[in-house]
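Could you walk me through this structure in my viewer, telling me what to select at each stop and what I will find there? I am new to this, so please keep it friendly.

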Amino acid sequence: MRRRAIFAVLAATTLGGFISPAAYADETVGDIQITNVSVNGGKNIAVGLSDTTVTVSVTAADPSGIWDADFHLWRGTDPHNPESYIGPNEDTTPADCVASSATTSTCSKTFTFEPDWWLTNADAGTWKVGVEVWANDDSWTRRDAYATTRLQRFSKLTVNASPEPVASGKTLTVTGKLTRANWDTGTYAGYTAQPVKLQFRKAGTSTYATIKTVNTSSTGDLKTTTTASADGYWRWSFAGTSTTPAVSAAGDYVDVQ
């Protein structure tokens, strides 16, 4: 919780060129234009129990060329009172900017999500990306929520099919467990009441087919039975939710005799 307190103080003052959230407003002076903002290469941010660092970049253009950029990430519905707020790791000016032409540059900074210090389960979900960019002729633009990104609790999925080997036509029992990072406790915990697909890939093929869907138990456990008919790989596959990424277990090979 300490970092949240720090962010609350920083949010009330100037941070890396940004004015306080209470005064946030989209504004542009001059001809400067933002053409793209990328967070984590366009992928969701999945954080387990260790620190995770991602890169945020902005591509912008101005007739005089781009000089500097800065970012902040925040969560909530009101930019004046963000529920969570994080600034970049780098406090240097200018940012790491790479010019692709005399007028256009891409500037980047990094952000670190620390589950053992300030993240809580409530932080999973959509975060907004604030951007400010300056040109060489003092033109500038500030966008309070130019883009969004999704912060998720890293997930794991196991599988075990038995008996191995099994006679053709006999019953095969497939078990497993779906867990995800619990940032409140610093552990992985079962993800309850979630639909998970049981899938099979016949030996010598490359595609899994869904056999049935099973809901996880109150502890995240999975268990079902099926009929063994051919050699191949069994796995569980979870489609994911807004707070938890999709995951598939590595296939468990079963020899059918």
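Start by selecting Leu 151. Leaving out residues up to four places away in sequence, Leu 151 touches Ile 45, Val 47, Phe 113, Leu 119, Asp 123, Ala 124, Gly 125, Trp 127, Trp 183, Ser 242 and Thr 243. Keep in mind as you look around that this is a predicted model.

Now widen the selection. Leu 151 belongs to the largest nonpolar core, which has 31 residues. Val 58, Phe 113, Val 129, Val 131 and Val 133 join Leu 151 as the residues with the most contacts inside this core. To see where the core comes from, colour the strands that each give two or more residues to it: E2 (33-39), E3 (45-47), E4, E5 (66-75), E8, E9 and E10 (140-153). Which strand gives the largest share of this core? Highlight E9, which supplies five residues.

There is also a second, separate core to visit. This one has 21 residues, and Leu 172, Leu 178, Val 214 and Val 247 are among them.

Next stop: the aromatic rings. How many aromatic pairs does a search of the whole structure find? The search finds six. For one of them, show the side chains of Phe 113 and Trp 127: the ring centres are 5.9 Å apart and the planes stand at 90 degrees, so this pair is edge-to-face. Trace the backbone from each ring, and you will find Phe 113 in strand E8 (residues 104-113) and Trp 127 in strand E9 (residues 125-135), so the pair ties together parts that are 14 residues apart in sequence. Are these two residues buried or exposed? Phe 113 has a relative accessibility of 1% and counts as buried, and Trp 127 is buried too, at 0%.

Hop over to Tyr 191 and Phe 238 for another edge-to-face pair, with 5.8 Å from centre to centre and 80 degrees between the planes. Here the pair links distant parts of the chain, 47 residues apart: Tyr 191 is in the loop between strand E13 (187-190) and strand E14 (195-202), while Phe 238 is in strand E17 (residues 232-238). Both Tyr 191 and Phe 238 are buried.

Then go back to Phe 113 and add Trp 118 to the view. Ring pairs link Phe 113, Trp 118 and Trp 127 into a cluster.

Rings can have charged company as well. Select Trp 74 and you will see Lys 128 over its face, at 4.9 Å from the ring centre. Do the same with Tyr 208, where Arg 235 lies over the face at 3.8 Å from the ring centre.

Now switch to a cartoon view and look for an open sheet of four strands. The order is E2-E4-E8-E7, and the pairing is antiparallel. E2 and E7 (96-99) stand at the edges with a single partner strand each, so one side of each has no neighbour in the sheet. From one strand to the next, the twist averages 20 degrees.

Zoom in on E4 and E8, which run antiparallel and are joined by 10 bridges. To pick out one partnership, select Thr 53 and find its bridge partner in E8, Thr 112.

Finish at Ser 57, which is in strand E4 (residues 52-61). Ser 57 is buried, with a relative accessible area of 14%. Setting aside neighbours within four places in sequence, Ser 57 is in contact with Asn 36, Val 37, Ser 38, Phe 71, Thr 106, Cys 107 and Ser 108.

Key
Residues are numbered from 1 along each chain as its sequence is written. This is a predicted model: local features need pLDDT of at least 70, side-chain atom pairs count only at pLDDT 80 or more; totals for chains, interfaces and linings use all residues. Side-chain values use heavy atoms; hydrogens and water are left out. Rings of Phe, Tyr and Trp (its six-membered ring) pair if their centres lie within 6.5 Å; planes under 30 degrees apart count as stacked, over 60 as edge-to-face and the rest as tilted. Buried means under 20% relative accessible area, exposed over 50%, partly exposed in between (1.4 Å probe, protein chains only). A charge sits over a ring if NZ of Lys or CZ of Arg is within 6 Å of the ring centre and within 35 degrees of the ring normal. Contact means heavy atoms within 4.5 Å. A nonpolar core is a set of buried Ala, Val, Leu, Ile, Met, Phe, Trp, Tyr and Cys residues joined through side-chain atoms within 4.5 Å. Two strands pair if DSSP finds at least two bridges between them. Axes are lines fitted to C-alpha atoms, for helices over the stretch in contact, and angles run from 0 to 180 degrees between N-to-C directions.
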